[in-house]
Amino acid sequence: MSTAEDSFAHQRVYLELQAALAAGRFTPGQRLTLRSCADMLGVSPMPVRDALRRLVAEGALIGAANRSVRVPELTRAKILEMRDVRLALEGLAAERAAMNATEPAVRELEAAAEALYEARRSRHLVADMEGVRRFHFTLYASAGMPSLLDLIGSAWLRVGTYRQLLYPDYVSQRDGRDTRQRIVAAFAARDGTAVRSLLCGQIADSMTWAANRLGESKSSTRSSTTAHS
């Protein structure tokens, strides 16, 4: 393999693991090994080692024993903190994106919304999680602010695993299709205020729900431990 091909392979593995983390495909506290990640991606351990090292340096993963890494645990406070970070960053991106909306961008966002609906309707968990990410970043791409997109991507990496808490209860209660359709319509109309309000409403609702569920779960665990001590 040439140096260029080797560099491309390393970058591809890094981006695939990054996307999986951002989409919430791993669970909080999950241990990841070179072999397990290599098998998942169908590659050799070498590019995986480099990718995991980069993700640890970025704070998306935590170094662990025996050449493994661990997905960071979540707390209620961390989810609520990152909720507020996301509202600030993604609200700005959504508003700026609407100001730059084009017909091709509207069609792409419509397609992302429909793909997410189909994944949710068929209860395909992985496709659902990836569909959420696709919808958001398809919208933000129109903002034309690459530095802002990098910051948003970093925020998703640090807290993407909260999405595991939303399945199946939250998504069965709120499939979000109507809100996404309204976002697409507001985007097409270049109504940045409406796009920002609708999108931030979804983020606030889902992350607050997840934080409260995590808090209830840990409270229940403490009560159970106390009762049996």
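Which residues line the largest cavity? In this predicted model, the lining of the largest cavity consists of L21, A60, V71, P72, L157, R158, V159, G160 and T161. The space enclosed there amounts to about 40 Å³, and the count of cavities of 30 Å³ or more comes to 1. Helix 7, which spans residues 146-159, makes the greatest contribution to this lining, with 3 residues. Sorted by class, the lining of the largest cavity comprises 6 nonpolar, 2 polar and 1 charged residues. Empty space of this kind is revealed by rolling a probe the size of a water molecule over the atoms.

The strands of the model were examined next. Strands of a sheet pair through backbone hydrogen bonds, in either a parallel or an antiparallel manner. Here, an open sheet of 3 strands is found, with the order 1-3-2 and antiparallel pairing. Its edge strands are strand 1 (31-33) and strand 2 (62-63), each of which pairs on one side only. Strand 1 is joined to strand 3 (residues 68-70) in the antiparallel sense over 3 bridges. Within this arrangement, L32 has V69 of strand 3 as its bridge partner.

Among the helices, the packing of helix 5 (residues 103-121) against helix 9 (residues 177-188) was characterised. The two axes lie 10 Å apart and form an angle of about 175°. Because angles over 145 degrees count as roughly antiparallel, helix 5 is described as roughly antiparallel to helix 9. On the side of helix 5, the contact involves A105, V106, L109, E110, A113, E114, L116, Y117 and R120; helix 9 contributes R177, R180, V184, F187 and A188. The residues of this contact divide into 9 nonpolar and 5 charged, with no polar residue among them.

Both of these helices also take part in the largest pocket, which holds about 380 Å³ of space. The elements giving two or more residues to its lining are helix 5, helix 6 (125-141), helix 8 (169-173), helix 9 and helix 10 (192-227). The lining numbers 24 residues, and those nearest the centre of the pocket are R120, Y170, R180, Q202 and S206. Of these, R120 of helix 5 and R180 of helix 9 also belong to the contact of the two helices. By class, the lining of the largest pocket has 10 nonpolar, 5 polar and 9 charged residues.

The second largest pocket contains about 230 Å³ of space. Its lining is formed by Y117, R120, R121, R123, H124, L125, D128, Y167, P168, V171, S172 and D175. Two or more residues come from each of helix 5, helix 6 and helix 8, and helix 5 gives the most, with 3 residues. The lining of the second largest pocket is divided into 5 nonpolar, 2 polar and 5 charged residues. Y117 and R120, which line this pocket, also appear in the contact of helix 5 with helix 9.

Two backbone features concern residues in the lining of the second largest pocket, namely Y167 with P168, and R123. Y167 and P168 are joined by a cis peptide bond, with omega of about -5°. P168 is located in the loop between helix 7 and helix 8. R123, although not a glycine, has a positive phi of about 60°. This residue, R123, is placed in the loop between helix 5 and helix 6.

Notes
Residues are numbered from 1 along each chain as its sequence is written. This is a predicted model: local features need pLDDT of at least 70, side-chain atom pairs count only at pLDDT 80 or more; totals for chains, interfaces and linings use all residues. Side-chain values use heavy atoms; hydrogens and water are left out. Axes are lines fitted to C-alpha atoms, for helices over the stretch in contact, and angles run from 0 to 180 degrees between N-to-C directions. Helices (H or I, at least four residues) and strands (E, at least two) are DSSP runs, numbered from the N terminus. Angles under 35 degrees count as roughly parallel, over 145 as roughly antiparallel, 65 to 115 as roughly perpendicular and the rest as oblique. Contact means heavy atoms within 4.5 Å. Ala, Val, Leu, Ile, Met, Phe, Trp, Tyr, Cys and Pro count as nonpolar, Asp, Glu, Lys and Arg as charged, and the others, Gly among them, as polar. On a 1 Å grid over the protein atoms alone, a cavity is a set of points where a 1.4 Å probe fits but cannot get out, and a pocket is an open set with protein on both sides within 12 Å along at least five of seven lines; lining residues have an atom within 4 Å of a point. Grid points are joined across faces, edges and corners, and a volume is the space filled by probe spheres set on the points. Two strands pair if DSSP finds at least two bridges between them.
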